Amino acid sequence: MRMRIVPPLLLATAYGLLTTASVQAAQWTMATPYGDASFHTQNTKQFAEDVAEMTDGELTITVHSGGSLVSHGEIKPSVRRGTIDAGEVFMSVLSNDDPIFEIDTLPGVAGSYEDAFALWQATKPMITELFAQEGLIPLYAVAWPAQGIYTAQELADPAQFEGLRVRAPNINTQRFVNNLGGSPTETEESDIPTAFSTGRVDAMITSSSTGNSMTAWDYVSYYTDANLWLPKNIVFISQRSFDRLDEETQESLMEAAARAEERGWQLSRENNEESLATLEENGVSVAKPNEEVAAALQAAGDQLFQNWLSRADDEAEAALEAYREQQAN
């Protein structure tokens, strides 16, 4: 049998082509703290699929959900260090970095999807600038449904807040619970059932969506639909990872992000309606707060807002004022 000798030049050329292809195709890792049942995670995974399709496989993003890769609090530092390429977090968990990140958890600032989106547009330039200082790029943000209060007993009297152990996922919600006289407890979404079953929490402030995905009817019977605020998740990437992409792939990535933002806000609206219906179908009583409870929530919210103003810088206050002027016109 005669052996076929491949010329060295041909071998080198083939190796070069393979090497070039491997350099061009980027494989990213992304972390989110939310489980697969969350519409946010479903939207994020669709975003990853869109990216792969729109770039013809030149960029693929593997989404690790439910905090399986890194914990919620470590997602942003991990992207900043380059350990992972992309992440998704509840934006207000970044409030220690700057008060602007908690602006969407202030009662009375944005009480509808339209207002919440306008608030995002007004604050996005400042948030983008803050992210850029850490070598990060925000891709898109999507609101949760408005936040309400889950309790085992009907919430009929503001005095019920005294000493109530309330799940509060961020510092601003913790301040709000303190203002009400309650005892805030920081608990990740995935740990909610355990927190209730072990008695660490008696109530939680969260959305209809989270209550649905966490089967809240297993441990509470009432949902006070208080429309406190519409907080957002924010998805972001490493500037270094982005810079390694060619221009065409970068453009496709940003286009997929724009689609994800538009789709995500619509998914949130739909999920809110579906989740409220599911809660009621499973025996959870859904109602607006009575006048006394509403007044207590308003007073706690006013106190929270004054606290925010005492910490916000001129740029953050200017962003809020620009939003309010736009809403007034």
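Start by selecting helix α3, since α3 gives the most residues to the lining of the largest pocket, five of them. Keep in mind as you click around that this is a predicted model.

**Stop 1: the pocket**

With α3 (72-81) showing, add α5 (171-180); these are the elements that each give two or more residues to the pocket lining. In total, 18 residues line the largest pocket. To find the middle, pick Gly73, Val93, Leu94, Asn96 and Glu186, which lie nearest the centre. The space in there comes to about 330 Å³. Try colouring the lining by character: you should get six nonpolar, seven polar and five charged residues.

**Stop 2: lysine 76 and its partners**

Stay on helix α3 and select lysine 76, which lies in that helix. Which residue does lysine 76 form a salt bridge with? Show glutamate 134: the closest N and O atoms of the two are 2.6 Å apart. Glutamate 134 sits in the loop between α4 (113-132) and β4 (136-143), so this pair ties together parts that are 58 residues apart in sequence. Is lysine 76 buried or exposed? Lysine 76 is buried, at 4% relative accessible area, while glutamate 134 is partly exposed at 26%. Now add Arg80 and Asp97, and you have a network of salt bridges that links them with Lys76 and Glu134.

**Stop 3: strand β10, from one end to the other**

Next, select residues 232-238, which make up strand β10. Begin with lysine 232, whose side chain meets that of aspartate 104 in a salt bridge (3.1 Å, N to O). Aspartate 104 is in the loop between β3 (86-90) and α4, and lysine 232 is in β10, so the pair ties together parts 128 residues apart in sequence. Both ends of this bridge are out of sight: aspartate 104 counts as buried at 3% relative accessibility, and lysine 232 counts as buried at 1%.

Then move along β10 to serine 238. This serine is buried too, because its relative accessible area is 2%, and the cut-off for buried is under 20%. Its side chain reaches the backbone nitrogen of arginine 240 at 3.2 Å. Which residues is serine 238 in contact with, leaving aside neighbours within four places in sequence? Light up Val79, Asp85, Gly135 and Leu136 to see them.

**Stop 4: a bridge between two helices**

Select α2 (residues 39-54) and α9 (residues 247-281) together. Inside this selection, show aspartate 50 and arginine 263, whose side chains meet in a salt bridge at 3.2 Å, N to O. Aspartate 50 belongs to α2 and arginine 263 to α9, so the pair ties together parts that are 213 residues apart in sequence. Aspartate 50 is buried, with a relative accessible area of 8%, whereas arginine 263 counts as partly exposed at 23%. If you want to hunt for others, the salt bridge count comes to 14.

**Stop 5: two loop residues with positive phi**

Follow the chain into the loop between α2 and β2 (59-64) and pick aspartate 56. Aspartate 56 has a positive phi of about 55°, although it is not a glycine. You can spot this residue from outside, as it is exposed, with 70% relative accessible area.

Finish in the loop between α7 (208-213) and β9 (222-224), at threonine 215. Threonine 215 is not a glycine either, yet its phi is positive, at about 45°. At 29% relative accessibility, threonine 215 counts as partly exposed.

Conventions. Residues numbered from 1 in each chain as written. Predicted model: local features only at pLDDT ≥ 70, side-chain atom pairs only at ≥ 80, totals over all residues. Heavy atoms only, no water. 1 Å grid on protein atoms, 1.4 Å probe; cavity = no way out; pocket = protein on both sides within 12 Å on 5 of 7 lines; lining within 4 Å. Points joined across faces, edges and corners; volume = space filled by probe spheres on them. Helix = DSSP H or I, 4+ residues; strand = E, 2+ residues; numbered from the N terminus. Nonpolar A, V, L, I, M, F, W, Y, C, P; charged D, E, K, R; others polar. Buried < 20%, exposed > 50% of the residue type's maximum accessible area, 1.4 Å probe, protein only. Polar contact = N/O pair within 3.5 Å; in protein donor to acceptor, adjacent residues only side chain to side chain. Contact = heavy atoms within 4.5 Å. Salt bridge = Lys/Arg side-chain N within 4 Å of Asp/Glu carboxyl O.
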